[in-house]
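Me: I am new to this structure and would like a close look at a single part of it. Could you walk me through how its helices pack, in one connected answer?

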Amino acid sequence: MATQTQHLARAKKICIVGASGKLGRYMVQHALDRGYEVVGVCREQSVGKLDAFKDRITIIPGATDNREVIKRAVAGCDAVLVVLVPLGVHGYSAGTAQAVLDYAEPGARLIFSCGWHITRDGQDVYSWRLKAIVAIFGPIARLVRFGDIDDQVEACRRVFASNTRWTIVRGSDLEEGESQGLPVWSRHVGDPILQSNRTRRVDFALFMVAAIADDTLIHEAPAIVGCQTPSAIRHAASDKRAATA
Ligand SMILES: NC(=O)c1ccc[n+]([C@@H]2O[C@H](COP(=O)([O-])OP(=O)(O)OC[C@H]3O[C@@H](n4cnc5c(N)ncnc54)[C@H](OP(=O)(O)O)[C@@H]3O)[C@@H](O)[C@H]2O)c1
């Protein structure tokens, strides 16, 4: 386990790919709060969902796997935050990730969102519930052409294999609510600190934005959990006991 180290923000201009979704809009707000100049990419039909920010950010409408859209959006950006969603059955996630990997500025910080089901090294230990969700709902989603979990897996495989300055943030189950603060994280699902499997979406977004300025997260795939959840609190208490023993 590690808590995220906060550094002074260095990046100035950032791009948020998938800015109009729930996670995306929280990220836009956190980014503006930190003084970043924000470029947001979202599907044409979703531009209105960014009305609250329209005077403060640049919006580039278009499919997030459209290479020309991404090329234009990430130009000159110090960091790119990407909401990876396995929606549809035409490789939307992998196409989005590939465009970002290909066109982001050399040395830019690239931060991608996904769920706990993504594994980097195969050392994650999954609950029967998560295994069942992936095993049952994965094929059904593909069958009805709603989504394809393997698409997100492929997107992350490409990111892991790239020589960019990437972080893949793996979200637990999410809930709405006021911020509780920066989530804590672990390298492997199954570690006791993550047991509560709950993070506020606003704090998932906070972790994504804070990662821009946290170089300790480069080439990590942190699995996150809310810092006020019982498992996180238990872990903090046991750390404290160990430190005073
Ligand atoms: N939901 C969870 O419980 C959960 C748990 C763990 C991790 N995560 C991760 O968190 C991230 C955000 O997920 P979220 O569930 O919270 O949803 P979200 O933030 O609302 O994001 C959904 C995204 O999907 C886009 N989208 C919707 N329909 C689409 C379509 N037909 N084709 C292409 N894009 C489409 C949305 O764009 P528009 O605004 O244009 O519709 C939006 O950018 C994802 O990376 C997900 O893997 C989610």
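Reply: Happy to; here is a walk through the packing around one helix, H3. Please keep in mind that this is a predicted model, in which local features need pLDDT of at least 70 and side-chain atom pairs count only at pLDDT 80 or more, while totals for chains, interfaces and linings use all residues. Residues are numbered from 1 along each chain as its sequence is written.

Helices here are DSSP runs (H or I, at least four residues), just as strands are (E, at least two), and both are numbered from the N terminus. Helix H3 covers residues 92–103, and helix H2 covers residues 67–74.

Let us start with H2. Its axis lies 9 Å from that of H3, and the two helices pack at an angle of about 45 degrees. Axes are lines fitted to C-alpha atoms, for helices over the stretch in contact, and angles run from 0 to 180 degrees between N-to-C directions. H2 and H3 are therefore oblique to each other; angles under 35 degrees count as roughly parallel, over 145 as roughly antiparallel, 65 to 115 as roughly perpendicular and the rest as oblique. Their crossing is right-handed, a word used if the near helix is turned clockwise from the far one by less than a right angle. On the H2 side, Arg67, Ile70, Lys71 and Val74 make the contact, and Ala99, Val100 and Tyr103 do so from H3. Two residues are in contact if their C-beta atoms, placed from the backbone, lie within 7 Å. Sorted by class, the residues of this contact are five nonpolar, no polar and two charged. In this sorting, Ala, Val, Leu, Ile, Met, Phe, Trp, Tyr, Cys and Pro count as nonpolar, Asp, Glu, Lys and Arg as charged, and the others, Gly among them, as polar.

Now for the other partner, helix H5 (residues 149–161), whose axis comes within 7 Å of that of H3 and crosses it at roughly 20 degrees. H3 and H5 are therefore roughly parallel to each other, and H3 passes H5 in a right-handed crossing. From H3, the contact takes in Tyr92, Ser93, Ala94, Thr96, Ala97, Gln98 and Leu101. Facing them from H5 are Asp151, Gln152, Glu154, Ala155, Arg158 and Val159. This contact of H3 with H5 has six nonpolar, four polar and three charged residues.

To recap, H3 is oblique to H2 and roughly parallel to H5.
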